[in-house]
Amino acid sequence: MTERVHPGDSPPTSGEHSVPKPATSSPEKPAPQPGTYVIQIPKDQIYRVPPPGNAHRYAHLSKRKPRRSTSRSCCCCLLTTILALLLTAAIAAAVIYFVFKPESPNYSIESVAIKGFNLTSPSPLSPEFDVTVRAHNPNDKIGIYYEKGSSVKVYYDDINLCNGALPAFFQPTNNVTLFKTALKGSEIELNNAVVRTLSDQQNKGAVPFILKLRAPVKIKVGSIKTWKITVKVTCKITVDKLTAASKVASNDCDYGVDLW
């Protein structure tokens, strides 16, 4: 039988030269710069979570998360401590109240002597008030320390006429103390309307004033002294005339405290 021969590539004929085909290799990559390194890692070795062998290197990252819980626990401890202190203070106050049964002191104005109130002179006034204040401590087991830094002021129709202070002293239990204070003012100018009103009230025997007393005190319970408490006393007083022989026609005092 005749064999079939498949034609192959025909050899180049004479005069023809074979032209080499261009290489189909991938384009060349630029060479790295000197001093740099290119590290190729296979995809199967890239992990989103570090493998167990390298997990210890990233342990510090996981330790940052509990900070919120730590700060919350500190806040809770602080709030618990504050609540415990407030509860303790409330219980102590209740015990003191039921054991010692504290009563508010009473204040009143015993006498007022007035100088320097010449309503017929056009010159500014320099009034002086010598005031005697009566303080009654009705408590059986509580004493009162009157500290320095007090103030006493006298007003007429919102005009501050004179100022002074109380002496520092200790008032024992079940005690009535009369203390005098000299109040002085200077260069007080009153308009004609105020002068006429004062003259009319003096003729009627009823000149109203307001006395404001502020005194820092400490309460003594047994052998314990409290922190400073500000006593606030406001008295509405009426005198019959504006002289040294004036008499108190009426007085009404309100009492309050600032604990802090």
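T181 touches F129, D130, V131, G164, A165 and L166, leaving out residues up to four places away in sequence. This contact list comes from a predicted model, in which T181 lies in strand β7, residues 175–184. The chain that holds T181 and the other residues described below has three helices and eleven strands. This briefing treats the chain as a whole, then selected strands, helix α3 and two loops.

**The chain as a whole**

- Along the sequence, the helices and strands follow the order α-α-β-β-β-β-β-β-β-α-β-β-β-β.
- The chain has 260 residues, of which 24% count as buried.
- Of the contacts between residues at least 6 apart in sequence, 65% join residues at least 24 apart.
- The exposed area of the chain is about 19,400 Å², and carbon and sulfur atoms supply 56% of that area.

**T181 in strand β7**

- T181 counts as buried because its relative accessible area is 5%, and the cut-off for a buried residue is under 20%.
- The side chain of T181 reaches the backbone oxygen of A165 at 2.7 Å.
- A165 is also one of the residues that T181 touches, and G164 and L166 are among the others.

**T234 in strand β10**

- T234 belongs to strand β10, which covers residues 229–239.
- With a relative accessibility of 26%, T234 counts as partly exposed.
- Apart from neighbours within four places in sequence, T234 is in contact with I210, L211, K212, R214, D252, C253 and D254.
- T234 and S108 are 126 residues apart along the chain, while their C-alpha atoms are separated by 9.6 Å.

**Strand β4 and its partners**

- In a regular strand, side chains alternate between the two faces of the sheet.
- Strand β4 has a covered face formed by V152, V154 and Y156, and its uncovered face holds S151, K153 and Y155.
- Strand β4 pairs with β8 in the antiparallel sense over five bridges. Within this pairing, V154 has L211 of β8 as its bridge partner.
- Strand β4 also pairs with β5 in the antiparallel sense, over five bridges. Here the bridge partner of Y155 is N160 of β5.
- L211, the partner of V154 in β8, is also among the residues in contact with T234.

**The loop between β4 and β5**

- Strands β4 and β5 form a hairpin with two residues between the strands.
- In this hairpin, D157 takes a positive phi near 50°.
- D158 is placed in the loop between β4 and β5, and its phi is near 65°, a positive value in a residue other than glycine.
- Most residues other than glycine have a negative phi.
- D158 counts as exposed, with a relative accessibility of 75%.

**Helix α3**

- Helix α3 runs over residues 192–204 and has 13 residues. At 1.5 Å a residue the helix should span 18 Å, and the 19 Å between its end C-alpha atoms agrees with this.
- The buried residues of α3 are V194, V195, L198 and Q201. Seen down the helix axis, the buried residues fall within an arc of 130°, so they line one face of α3.
- The face of α3 turned away from the buried side carries the exposed residues N192, R196, N203 and K204.
- Cover for the buried residues of α3 includes the strands β4 (151–156), β5 (159–164) and β8 (207–221).
- At the start of α3, a side-chain oxygen of N191 comes to within 3.2 Å of the backbone nitrogen of A193.
- Just after α3, G205 takes a positive phi of about 75°.

**The loop between β7 and α3**

- E187 is found in the loop between β7 and α3.
- The phi of E187 is near 55°, a positive value in a residue other than glycine.
- E187 counts as exposed, with a relative accessibility of 58%.

Note on methods:
Residues are numbered from 1 along each chain as its sequence is written. This is a predicted model: local features need pLDDT of at least 70, side-chain atom pairs count only at pLDDT 80 or more; totals for chains, interfaces and linings use all residues. Side-chain values use heavy atoms; hydrogens and water are left out. Helices (H or I, at least four residues) and strands (E, at least two) are DSSP runs, numbered from the N terminus. The expected span of a helix is 1.5 Å times one less than its number of residues. Buried means under 20% relative accessible area, exposed over 50%, partly exposed in between (1.4 Å probe, protein chains only). The arc is that of the directions from the helix axis to the C-beta atoms. Contact means heavy atoms within 4.5 Å. A polar contact is a pair of N or O atoms within 3.5 Å; within protein, one must be able to donate a hydrogen and the other to accept it, and residues adjacent in sequence count only if both atoms are side-chain atoms. Accessible areas come from the Shrake-Rupley method with a 1.4 Å probe; for residues, only the protein chains shown count as cover. Two strands pair if DSSP finds at least two bridges between them.
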